[in-house]
Amino acid sequence: MSADREAPTVRARTNPAPAAAIIIPLLVGAAVAIVLGVYGKVHEPRFFSVNVAGFSSPTAVKAWLATLAAVLALGQLTSALAMYGKIPGFNPPWIGAVHVWTGRLAVLVSVPVAVHCLFALGFQDYQTRVLLHSLFGCFFYGAFVAKMLLLTRKGLPGWVIPVAGGLVLTGLVGIWLTSALWFFQNHGLTF
Ligand code: HEM
């Protein structure tokens with residue numbers, strides 16, 4: 001291949017991305033969060049519940065699924081730190097796959113819980129904890145969508161993906177603190 005044909009490829013790889021490459025994913029993420037919140041607010045809560053054999057209540061199922069999602073999110077944090085060389089001597093070749101799969105599973109596990117929250121309970125604000133939980137829930141999916149879109153953009157400044165990942169993690173930790181932790185504090189570590 002001639003030098004003339006290689007040049008655009010090299011330029012594309014090194015050119016910084018335009019501001020729109022960051023702003024558009026952020027706007028789409030914000031729209032997702034707002035749509036979820038508005039839906040949760042205007043939709044009449046259905047108050048249905050589905051229990052799973054072996055669990056004491058549907059709330060316990062949700063609390064444990066939320067805990068699984070939070071543990072997977074910690075796997076995300078650890079694998080991200082390793083990939084960025086922040087854990088001395090620990091950056092095995094499979095760590096990228098661990099990062100991708102803990103992320104996919106965390107979101108997958110969160111979806112049935114969030115569907116129940118949104119459809120059966122809605123966006124509620126009758127306590128500060130519940131308001132924070134509803135806000136974290138909507139924020140989490142907005143941040144997740146924004147991060148997924150940002151990952152497809154080339155030439156972003158190095159801090160963008162870590163910050164986006166940190167915000168997704170913050171959302172999930174916030175969800176857990178305002179829901180599952182509250183459940184375990186009130187009911188004990190019951191299944
Ligand atoms: C998508 C936006 C979300 C909204 C609007 C929302 C809203 C709510 C509301 C109003 C409650 C009842 C709180 C109470 O009275 O104590 C609740 C409970 C709960 N939420 Fe969410 N939530 C959302 C997302 C999530 C996600 C993503 C998770 C987990 C990954 C989650 C996990 C839980 C758990 C474990 C409970 C306690 C069990 C229950 O009361 O049913 N929520 N949610």
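**H3 against H6**

I started with this pair: H3 and H6 come out roughly antiparallel to each other, because their angle of about 155° is over the 145 mark. This is a predicted model, so I am reading computed geometry throughout. I noted the axes of the two helices as 10 Å apart, with H3 covering residues 58–83 and H6 covering residues 160–178. The handedness of the H3 and H6 crossing is left-handed.

Next I listed who makes the contact. From H3 I wrote down Ala66, Thr67, Ala69, Ala70, Ala73, Gln76, Leu77 and Ala80. H6 answers with Gly165, Leu169, Leu172, Val173, Ile175 and Trp176. I sorted the residues of this H3 and H6 contact by class and got 11 nonpolar, 3 polar and no charged.

**H3 against H7**

I then checked H3 with H7. Their axes come within 9 Å and cross at roughly 130°. That angle makes H3 oblique to H7. I looked up the hand here too, and H3 passes H7 in a left-handed crossing. On the H3 side the contact uses Thr59, Ala63, Ala66 and Thr67, and on the H7 side Ala180, Phe183 and Phe184. By class I have 5 nonpolar, 2 polar and no charged residues for H3 with H7.

I went back over my two lists for H3. Ala66 and Thr67 are in the contact with H6, and Ala66 and Thr67 are also in the contact with H7.

**Around the ligand**

I turned to the ligand and found 25 residues surrounding it. The closest are Ser110, Cys117, Gln124, Gly137 and Ser179. Which elements give two or more residues to the shell? I have helix H2 (20–42), H3, helix H4 (95–121), helix H5 (128–151) and helix H7 (180–187). I split the shell by class as well: 16 nonpolar, 8 polar and 1 charged.

**Two residues I looked at singly**

I picked alanine 146 in helix H5. Is alanine 146 buried or exposed? I get buried, because 24 other C-beta atoms lie within 10 Å, and 20 or more is the cut-off. I left aside its neighbours within four places in sequence and found alanine 146 in contact with Pro25, Leu26, Val28, Gly29 and Ala164. I also took a C-alpha to C-alpha distance from alanine 146 to isoleucine 23: 9.5 Å in space, with their positions 123 residues apart in sequence.

For contrast I took tryptophan 94, which sits in the loop between H3 and H4. Tryptophan 94 is exposed, because I count 8 other C-beta atoms within 10 Å and 12 or fewer is enough for that label. I checked tryptophan 94 against leucine 135, which is 41 residues away along the chain, and their C-alpha atoms are separated by 35 Å.

**The whole chain**

I finished with totals. I count 7 helices and 0 strands in the protein chain, and along the sequence the pattern reads α-α-α-α-α-α-α. Taken along the principal axes, the C-alpha atoms fill a box of roughly 65 × 40 × 25 Å. Of the 191 residues, 27% are buried. I also looked at contacts with a separation of 6 or more: residues 24 or more positions apart account for 75% of them.

Conventions:
Residues numbered from 1 in each chain as written. Predicted model: local features only at pLDDT ≥ 70, side-chain atom pairs only at ≥ 80, totals over all residues. Axes fitted to C-alpha atoms, helices over the stretch in contact; angles between N-to-C directions. Helix = DSSP H or I, 4+ residues; strand = E, 2+ residues; numbered from the N terminus. Parallel < 35°, antiparallel > 145°, perpendicular 65-115°, else oblique. Left-handed = near helix turned anticlockwise from the far one by under 90°. Contact = placed C-beta atoms within 7 Å. Nonpolar A, V, L, I, M, F, W, Y, C, P; charged D, E, K, R; others polar. Near = placed C-beta within 6 Å.
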